[in-house]
Amino acid sequence: MPAIDKQQYDVLNVVALKKLAPVSAVAVSTRLEEAEVTSAFSSLAQADLLVVVGGSAMPTDDAAQVLDQHAADFYANVRTDPEVLALVERFDQVNDAFLTTMSSWQQVKVGDRRVANDHTDEDYDAKVIDQLDRLVARLGPLIEAFVGFDARFSTYRERFDQALEKVDQGATEYVSSPTVESVHNVWFEFHEDLLRTLGRERQA
Amino acid sequence: MSVAQQTVTETFTVRFEDADSQDVGRLGGKGAGLAEMTAHGFPVPPGFVITTAACRHFLDHGVLPPGFDDQVAAQLALLERRTGKSFGAGPEPLLLSVRSGAPVSMPGMMDTILDLGLSRESAVQLAEATHDTRFVADLVRRFHTMYAETVLGALEGPDGVMALLDGFRPDDDAGDAFDRMWAFCRDALEDQVDEPVPTDPRAQLRGAIEAVFGSWNTRRARTYRAHHKISDDVGTAVVVQMMVFGNLGDDSGSGVAFTRDPITGKDELYGEFLISSQGEDVVSGEFTPVPIREAEQSLPGPFADLRKRCAELERRRGDVLDIEFTIERSRLYFLQVRSAKRTAEAAVRIANDMWGSEVVDPLRALSGVSTDHIRQIQRPRFVPDEIEAARGDGRVVTVGIGACPGQVHGALCFDADAAKEQAEQGTAVILARPNTSPADLHGMIAAEGIVTATGGSTSHAAVVARALGTTCVVGCGDLDIDPAGGTLRAGDIVLRAGDQVSLDGTTGELFSGTLPSTGSASVSESFTSLLDRCRRASGATVLARVTLPGQAAEAQAIDSHGMVTALDDVLAAAGRFEALAAALSAGATADTADFAAVESIVAEEFEALLAATAEADMTVRAFDFLADDTHELLDRSLLSARPQLALPLGVPGFVEAQLGGLARAADATGRTAPLGFALRHVTDVGEARELTAAHRRVLARYPKSPVVPGVYATSASAVRVAAELAEEAPVVWLDLKLLMARDWGIPAWLLLTAQPLDDYLRAGRLNGDPRAQLGDGVRSLLESLTAAPGPMPGIRLSMPVADSLVAELYAVGCRTFAADLAEVQPLTLALGRAALAAG
């Protein structure tokens, strides 16, 4: 199993989260210079942990295992930190509320059924967006706690802020669209990252 | 008048019954709505509005206006007298709901605070009235949490409070319960808030009002206003209203009513009711409410009132409503009235019924149905009998949770990469995964449907599928999907990659095999009837774009008035581009190419399509070497070698060959009805003359040819001479997309997608959206046509139909349209609406 340093871990981690990641996106999510990302791409490619296609990186089948092993090392102290553990306890609840809110954005209740939200009711949409904003705010203390161990986690805060700002500007695809840096995408990546950092499995 | 004088004399509060419901600017949307309801005698709980003027003062000066507290106190006294209840005291405690209500709704504004006014004394009294100390403890919990979160900015509710609540019983001592619950909440929230929730009800009210006003300037509200061009000076109103209680015994309760069934649209009161409960209980899912039909047996009086009021309010608003109501000691109160959300099927049925009822005017009746509803309804769906048959035959592989509706079929695929690959080759694919992650996105985008073994209705797969609008079923617990082995097992059934399956995103069923689908033709009587009404209202002619014979049959099934097609589309679909290019490259010069071969290709490929269209109105657009799609598909060297082909009549022989081919196909199918043949990019009468000359030469060879020459105007110059062109070539169409592209200086293909134009518009770089409005240039062009002699040319729409654009086209006098097959029915609705709006 190839050994990787922390910078390589950060890059490979983002590539694994995004699956197909251009240099620019990895730079944003790792706070590295694009040149550093490019050089990490080539060393990781040499180690057969990713392949670069047209400037974007894709993880190989080995990437997940290497990341898991190194996470155990890099984040051993996070995994036993009482503050982090207390906040993580609460995460599942916030996560459930987040997913429910995401459904409310996409679908509205009609009697006992749900139909696609056609976004004609501004009052309804405004309430859902407020709720999302609150939930992202509730994630704040946990992100802060992670930042205390690894500064790269602060990029989640920035990415959430940017997505919500777009939403407020009327670009409502930034709520749940899978093809932009939407609140849902950032949340999903954070969740996956959290699981790897703590060495946990996603709940069924 | 000086500022000081003004603030002394101005009133900042107004009772619902005294307010002018037209004055939305002062009352805000919610306040105006309540004033209107009160004025018309609808049973809304009494209350008052603190106007936007008070908010503006607060924002300007950082404090509430002088005399404000006295005005609020006076309003409270009036409310106490009117209701016989006391704020913060007994014997009948008055509790309030406090809500923000700006003239326009926006995110970032403070939401509702309920049960405000809870003091120890009122809590004890309330426990006595409800004989339920546990309820009062719960009320304290709810109020405390809500106030801490909305006014004081706490992020989390009091930890462990539910465990405390569970310890209370209905007959516990109320004073003690209040003390314990209050202290618990206060201590649990201590770290999160700078100050505790006030115990004095008047301080609670003041805090809530200031919080509403303060929320006007949250970062989010400001951003929203800036981007929606709403002035920061508008301010918000505050609605203060008496809380009513549905849990005061068996003569009380809470419910939700829809004035019609929001699922089917059937004209009958629909909804549910929970006796002796508060509104939160109805939606919590903890208790099971009963249908209104059953509940009304026990409280006939209030429910008779409900029925009467619902009908009256629906008539008045001309819309189906969703009404939250409470019955407090046999007295009915409306808590919230909104336009009811409804399924697409219900929207159509309601619009049709209301139009027919003549109680509501037709334009209002149409307001609840959108072009998207029509698109949803006409999505292909399984033939009902086939579903039954498949169930009967044991072809249901598994039943999961329907996460995104739709009925689709395709080849089973277990891997996102493979799904994408197969979809690109034109195979419909159903992607089946144990679960999905962002890594599967490309496959999810490519798939017709998605199935996952794990996950619930909020899983990654479900959220992404809904964002994509892709049919999706999740949580098929008994599915064992093995992507590596390429198998899917459910009990004894084993399916392999490539096997055909069908998926129902509503029922959650996965079937083996292909379930046949219906076309988009008439799905219900209401649907047919509504579109008929729209057709009659607009008097417009709508033709459908078709390429394949099957589409021609479908176009006739949806009652389109005829069809248009394009020669390049038909040849591309038949895979004849290479043969065509070879024929056009033959010979020494462009004019001596193998036109006989071209004519034969056209004749062969049009026979089936013309046979399917029978004698229906039909126009064929001539081959266009400049069309974006053609450009992509055709070998570019042809145009470099023979650039004459890029001009509409640069190679008359090619035009003649197309005319000849169509004449032969028409002859073979026995068509005698006129068959239009329209050439794009013509701008001059000289070109039109050459076209008719070519047509005459063809007529000499095929005297029975029903072909009528025409043009597709794609530029302002062509539109300006449209009448003269029509004298030569009588079939005249305007290609709106190309006209718009030229006029706005935006490539035509960009008009077909959301991005990057959406971002461009949001950045404020364009003052209008060329996909949704004509713009001055094209509008004045079209207006000039109305003044010109001769019939108005037909409008070819190639973008998804936008209501606003259709309204403009209708208003300038356009009455003939052609649209993509799937857009014909949405366009029919939009034209009906446009005609009604035009009066």
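Trainee: What makes Arg395(B), Gln500(B), Val501(B) and Ser502(B) contacts of Gly513(B)?

Mentor: Contact means heavy atoms within 4.5 Å, and Gly513(B) is in contact with those four residues once its neighbours within four places in sequence are left aside. For Val501(B), the C-alpha atoms of the two residues are 4.6 Å apart, although twelve residues separate them in sequence. Before we go on: this is a predicted model, where local features need pLDDT of at least 70 and side-chain atom pairs count only at pLDDT 80 or more, while totals for chains, interfaces and linings use all residues. Residues are numbered from 1 along each chain as its sequence is written, chains are lettered from A and ligands numbered from 1 in the order in which they are written, and side-chain values use heavy atoms, with hydrogens and water left out.

Trainee: Why is Gly513(B) called partly exposed?

Mentor: Buried means under 20% relative accessible area and exposed means over 50%, with partly exposed in between (1.4 Å probe, protein chains only). Gly513(B) has 22%, so it is partly exposed.

Trainee: How do you know that Gly513(B) is in a loop?

Mentor: Helices (H or I, at least four residues) and strands (E, at least two) are DSSP runs, numbered from the N terminus. Gly513(B) lies between strand S23 (509-512) and helix H21 (525-538) of chain B.

Trainee: Now chain A. What makes its radius of gyration agree with a compact globule?

Mentor: The radius is taken over C-alpha atoms, and the globule rule is 2.2 Å times the number of residues to the power 0.38. For 204 residues that gives a value near 17 Å; chain A has 18 Å, so the two agree. Nicely, 50% of the residues of chain A count as buried. Its secondary structure comes to ten helices and five strands.

Trainee: Which residues of helix H2 (residues 23-30) of chain A are buried, and what covers them?

Mentor: They are Val23(A), Val26(A), Ala27(A), Ser29(A) and Thr30(A). Their cover includes helix H1 (6-18), strand S1 (21-22), helix H3 (34-46) and helix H8 (154-168) of chain A.

Trainee: What makes a set of residues a nonpolar core?

Mentor: Such a core is a set of buried Ala, Val, Leu, Ile, Met, Phe, Trp, Tyr and Cys residues joined through side-chain atoms within 4.5 Å. The largest one has 100 residues, of which Phe654(B), Leu736(B), Leu782(B) and Leu809(B) touch the most other members. Helix H28 (residues 652-669) of chain B gives the most to this core, with eight residues. A second, separate core of 62 residues includes Leu79(B) and Val244(B).
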